[in-house]
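Welcome! Please take a moment to look over the sequence and the 3D view before reading on.

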Amino acid sequence: MAEGIMKKLYGPGVYVQSAGVHNDLEIDGFAITVCKEIGVELERHRSRSFDEMQQLGDDLSSFDHIVALSPASQHRALELTRFFHLTVDYWPIMDPTGLGETRETKLNAYRQSRDQILRHLTERWGPARKV
């Protein structure tokens, strides 16, 4: 969600690449739904892991900033950046997977996570830019 939301808010002038500790391959349908509500399309998004990024040639030293959204990703980011001059921020975003019993309560959990990401992005980089 974070990559798609950041691209929507700040446009093509910012290079953003999401990565996780593990590659889940498929994007969660609830994430797709709640992002679509705010005009962010995730249907074609492909998740990747830190390791996969490196295998595909993404050089972590070419990034300026890493934002970790879970303790595991923060740990992995700090591990990978020991040798690079990068800023690593940790934003403790609620993990909505597995929360809620009904479709609506699940969607509400995903909306809360989406809104946490939105709040952190605008607090860190300001209001959305005109794209």
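The sections below move from the whole chain to some of its individual residues.

## What kind of model this is

This is a predicted model, in which local features need pLDDT of at least 70 and side-chain atom pairs count only at pLDDT 80 or more, while totals for chains, interfaces and linings use all residues. Residues are numbered from 1 along each chain as its sequence is written, and side-chain values use heavy atoms, with hydrogens and water left out.

The term pLDDT stands for the predictor's confidence in each residue, from 0 to 100. The chain has a mean pLDDT of 86, and 91% of its residues reach 70 or more. Confidence is highest in helix H5 (residues 103-125), at a mean of 96, and lowest in helix H3 (residues 50-55), at 74. Where pLDDT is low, the predicted coordinates should not be read in detail.

## The overall fold

How many helices and strands does the chain have? There are five helices and two strands, and along the sequence they follow the pattern α-α-α-β-α-β-α. The radius of gyration of the chain is 15 Å, close to the 14 Å that the globule rule gives for 131 residues, so the chain is as compact as a globular protein of that length. Helices (H or I, at least four residues) and strands (E, at least two) are DSSP runs, numbered from the N terminus. The radius of gyration is taken over C-alpha atoms, and the globule rule is 2.2 Å times the number of residues to the power 0.38.

Taken along the principal axes, the C-alpha atoms fill a box of roughly 45 × 35 × 25 Å. Among the contacts (heavy atoms within 4.5 Å) with a separation of 6 or more, 64% are between residues 24 or more positions apart.

## Surface and charge

Of the 131 residues, 35% count as buried. Here buried means under 20% relative accessible area, exposed means over 50%, and partly exposed is in between (1.4 Å probe, protein chains only). The accessible surface of the chain comes to about 8,100 Å², and 52% of this belongs to carbon and sulfur atoms. These areas come from the Shrake-Rupley method with a 1.4 Å probe; for residues, only the protein chains shown count as cover.

The chain carries 16 positive and 19 negative side chains, and the centres of the two sets lie 5 Å apart. Lys and Arg count as positive and Asp and Glu as negative, while His and the chain ends are not counted. The place of a charge is NZ of Lys, CZ of Arg, CG of Asp or CD of Glu.

## Helix H1 and its cover

Which residues of helix H1 (residues 2-10) are buried? They are Glu-3, Gly-4, Ile-5, Met-6, Leu-9 and Tyr-10. Their cover includes helix H2 (29-36) and H5. After H1 comes Gly-11, whose phi is positive, near 70 degrees.

## Three residues of helix H5

Arg-114 has its place in helix H5 and is buried, at 7% relative accessibility. Leaving aside neighbours within four places in sequence, Arg-114 is in contact with Met-1, Ile-5, Val-34, Glu-37 and Ile-38. Ile-5 also appears among the buried residues of H1.

Gln-116 is found in H5 too, and its relative accessible area of 19% makes it buried. With the neighbours within four places in sequence set aside, its contacts are Pro-92, Ile-93 and Met-94. Gln-112, another residue found in H5, counts as partly exposed at 45% relative accessibility. From C-alpha to C-alpha, Gln-112 and Glu-37 are 13 Å apart in space, with their positions 75 residues apart in sequence.

## Exposed residues

Where does Pro-127 lie? Pro-127 lies in the segment after H5 and is exposed, with a relative accessible area of 68%. Not counting residues up to four places away in sequence, Pro-127 touches Tyr-10 and Thr-122. Pro-127 and Ser-47 are 80 residues apart in sequence and 26 Å apart in space, C-alpha to C-alpha.

Ser-62 sits in the loop between H3 and strand E1 (65-68) and is exposed at 56% relative accessibility. His-75 is found in helix H4 (residues 71-80) and counts as exposed at 53% relative accessibility. His-75 and Val-88 are 13 residues apart in sequence and 10.0 Å apart in space, C-alpha to C-alpha.
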